[in-house]
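Notebook open, coffee ready. I want to look up a few things in this structure and jot down what I find.

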Number of protein chains: 2
Amino acid sequence: MPEEQKLSQSLCKSKLYVKKFGGTSVGSIERIEALAERIAKAYQAGERQVIVCSAMAGETNRLIALGGQVTAYGDPREMDMLISTGEQISIALMAMALQKRGIPARSLTGDQVQIHTNSQFGRAAIEQVDTDYLEQLLEQGIIPVVAGFQGRNPNGDVTTLGRGGSDTTAVALAAALSADECQIFTDVTGVFTTDPNLEPAAKRLDSISFSSMFEMARLGAKVLHPDSVAYAEKYRVPLRVLSSFEDGEGTLICFDGQYHQAGKVVGIAVSADLAMVSFDELDESSDRLAVLFKRLAEMGIETDLLSKTRSSASTVSFTIAQSWLERVLAELDSVSQTLNIGPVYFEQDLVRVSLVGNNNLAKTEVAAKVFDVLGKHGIHVKLVSSSAIKLALVIPQNHLRSAVCALHHAFELNEL
Amino acid sequence: MPEEQKLSQSLCKSKLYVKKFGGTSVGSIERIEALAERIAKAYQAGERQVIVCSAMAGETNRLIALGGQVTAYGDPREMDMLISTGEQISIALMAMALQKRGIPARSLTGDQVQIHTNSQFGRAAIEQVDTDYLEQLLEQGIIPVVAGFQGRNPNGDVTTLGRGGSDTTAVALAAALSADECQIFTDVTGVFTTDPNLEPAAKRLDSISFSSMFEMARLGAKVLHPDSVAYAEKYRVPLRVLSSFEDGEGTLICFDGQYHQAGKVVGIAVSADLAMVSFDELDESSDRLAVLFKRLAEMGIETDLLSKTRSSASTVSFTIAQSWLERVLAELDSVSQTLNIGPVYFEQDLVRVSLVGNNNLAKTEVAAKVFDVLGKHGIHVKLVSSSAIKLALVIPQNHLRSAVCALHHAFELNEL
C-alpha cells in the first residue's frame, strides 16, 4: 500500500467490516479466488476488513467421518483438535489468494487471535476476544484472515464453537473491534420473505429487525443461526446477509427502526420432516411431565410446539424431528406406567409453517386470516402455537407448497 | 490406570521412550488402530511413552497441491499454516484410538507442547523444547501424542521443520526429556547392510554408530534423514529404527562401542538417477569457480562428489540429480565466456554406490578391493570420492545391481 494511502486510511478511520464466508463460499479454489478478488477491490477502495472463513464445504464432514472410523464417541477435545483443521486450511488458502493479488494478509487460528472460550468442547462459548493483534495488523494495513468456529480454552486446548459456529466468530470479532458492520456472505442474496424454492414470488427484505430475524432463524430460515443473531443483538452489532457470488445490498439486520412497521407479517419460515406425538394425562400431578421432558433432553432430543389442551382429559402434544420418533416412542412406552398416561398417538410427515412479524403481531387478526385461507384450500391445521411475534402452524407435508403460497399472497408479501 | 500402578510407575521411574510413527505407519485408520494396540500393550507393561506422529501418507502432498492451485509460490508462513494441519489430524485420531482402548492420551500441536523454533518457515530449526506440560502429563499417566514436523516461532506463528521433519521432533523431545531411547518406527525392520531390493542377502544391522549411520543416510539410505541422525548424536540420544508392522529389535544407532569393529565396511548406500558434468578450466583463477557454484547454490541445485584433477588441463567434474541437468547445462553455457572454460561434457543414467565403514576405514585396501571386484565384472568407475569413513563410486546405472551384489559379497556383508 502506498504511504499516502496508508496515512489517509489511518487519519479518516475508514469503515471497518468483519466479513464471514461460509463453507460453500470457500468450497473450491475458484471460489476462494473470486472472493479474494472482491476483498482486494474493497481494500483498494479503502475499506478496513477482517475476514472470517469456514472450512471448505465437505471438509468438516470428511474429518468427522475420519474420527467416526476410529470411534463412534470420540473424546470431544480430540474431535475439536481434528475438525478445527478444516478452517485452518481455508484461511491459509485465502491469505495466499490475497497475497497473490498484492494485498497484505495474514491467516490466524482462533488460538492466535486469541479467541478465549470456555471448555465445553464441541459447543464452546466465546468469553473474550483479544483485539490487540488484530488492531496491530489493521493499523499496518494487513488483512487478518481468521479461522471461524474455533477458539482456545484457558488450558490452551483448541475448542470449537457451538451452533452458529463461524457466524458467531464473526459477530464476536465485530463486537470486540466495534466494527461498523458484520457481513455474513452466503449462497443467497439476502433474507427472503419465504423460501424461494417454495414460492417463486418470495422477495428479498432490505432490512429486518433482530427479533424478527431471530424468530425466522429459529423457525427454519437457514440463512443465519439464531444464536448468532441473538449474539449480534446483545452486542449491538449490525448484521448484513449478502451473496458471496453476486453483488447487491443484501439484508440488513438491525434494531427496530422507522422502516419496520409494527404488527405486520414480514416473512414465513418453514421447517420440514416433523412428527407429532400426543397422549392424554390420566393423572395431572404435573411434575411427572417434567420427568419425561428432562429425560428427553438428556437423550439430546429437542421438542417443539409443546401444547396442552383440556377437554375430557388433559392432552399433551409436541413436535419433534421425524428422525427421533422411534426413540421418543420407545421412551414413552417405557415410562407410560410411572407417568400414568393414556395411549400414545403420533403423526408423521408434518411441517411447521411460521408467520413471523414485527413486535406485537396482531395475532387474532393474523390467526383469523390464516384459518380462513388454509380452510379455503382444505388444509387441516394440526397444532398452533404463538408468541409476541410469530404464529406457528403444523400441517401435513404434502400441503406445504400450497399453504406457503396462499399465505405469502394473503399477507401481501409478494408486494414488498 | 489403577492407583497402585500409577504409584509404582512414578516410584521406579520406568523407562521413557519417544516413539515416532511416519506417514505410512499412520496411513490409514486400520494402521493407526494397530499402532494404538501396540502402544496400549507397552503402556500396560509400564512403559512411559511420548508419541510423535507424521501426517497420514499422502495428506501433506494433498495440502501442498491445494496451495499450489492458488499460487506457485505460496508465502512460506501460509504454506506452514496449511500443511501443519496434516499432523494435527493424525494426532487427534491416534489419541482417540488410544482412548478407545482405555489408555489416557492427549494430542498436542507443536505450539501446545511448546516446541520453539526460529522463523525460517518451511525449514525451521528447533531452538528449545518446553518439557513442563509433557512431564506433567507423564506424571499423570497420560500419553502425550505430539504433532511432528511443526513448532512455533517467537511471534506465535506455526512453523514447519526442515528436512528430517518428524524424526527431528522426536529426537528433540527425547533430548529435552532425557528419554532412554528415541524409537523411529518405519516400514522396514531396521537398517540394512544395503537395499534388500538390490541384494536379497542384505542383513539387518543390530547396531551402527552415529557417524556411519549419518553417512549411510546422507549417501542414500532412506530409513533416516541425516539431519536427525546428526541431531541425535549431538544431544546423545540413542536412536532405534524399528518396524511399525512387525515385532523385532530393529537397529540401534549409538556411539561407537565395543561391537563396532573399526575400519570395517558396514554397509553399502545407493543413490540413483545422477548425471555427471565435466569441463576443463582454461584459466585457473579459482574464484571464478566459486562464482559458478555460488550461482548453482542460489538456483537450489546441490552438487556432489566434486572432484578436480589435472593432466594437460585442470578438469572439474561433479554429479547432480539428473533432473537438474538441463538447468545446469544452460547455466554453464551462459557463464562459459566469463568463466573461461572449455567444452562441457556430461553423462546421464549414473548411480552412486557408497561403501560406508566405521571410523578410519582402511581406504587404500578398500579401494584396491573395489577396483579389483568391479574390474572383474567389467564395471567402469566414472568418479571416486572418499572420506574418513566412506568410499563413494559413480558407475553406470545399468551396472547397479551387479556392483552392489559383488561388493556386498566381497566385503563379507552377507556373513554378518
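I started with how chain A is divided: domain 1 covers 3-187 and domain 2 covers 267-415. Those bounds come from an automatic or database domain assignment. I looked up the C-alpha centres of domain 1 and domain 2 of chain A, and they lie 38 Å apart.

Note to self on the ground rules. This is a predicted model, where local features need pLDDT of at least 70 and side-chain atom pairs count only at pLDDT 80 or more, while totals for chains, interfaces and linings use all residues. Residues are numbered from 1 along each chain as its sequence is written, chains are lettered from A and ligands numbered from 1 in the order in which they are written, and side-chain values use heavy atoms, with hydrogens and water left out.

Next, the two copies. I found that chain A superposes on chain B by a rotation of 180° with 0.2 Å of shift along the axis, at RMSD 0.1 Å. The fit is by least squares on the C-alpha atoms of residues with pLDDT of at least 70 in both. The copies are thus related as by a two-fold rotation axis. In chain A, the C-alpha nearest that axis belongs to A:T85, at 2.8 Å. I also checked the interface: 100% of chain A's interface residues are interface residues in chain B too, so the copies meet through the same surface.

Then helix α5 of chain A, residues 85-100 (helices are DSSP runs of H or I, at least four residues; strands are runs of E, at least two; both numbered from the N terminus). Its 16 residues reach 23 Å from first C-alpha to last, close to the 22 Å expected at 1.5 Å a residue (that is, 1.5 Å times one less than the number of residues). I noted that 14 of the 16 residues in α5(A) are buried (buried is under 20% relative accessible area, exposed over 50%, partly exposed in between, with a 1.4 Å probe and protein chains only). After α5(A) comes A:G102, with a positive phi near 80°.

Over in chain B, I looked up B:E181, which sits in strand β9 (residues 181-186). At 11% relative accessibility, B:E181 counts as buried. Setting aside residues up to four places away in sequence, B:E181 touches B:L16, B:Y17, B:V18, B:P238, B:R240 and B:L252 (contact means heavy atoms within 4.5 Å).

Last stop: A:H380, in the loop between α13 (363-376) and β17 (383-387) of chain A. Beyond its neighbours within four places in sequence, A:H380 contacts A:V394, A:I395 and A:P396.
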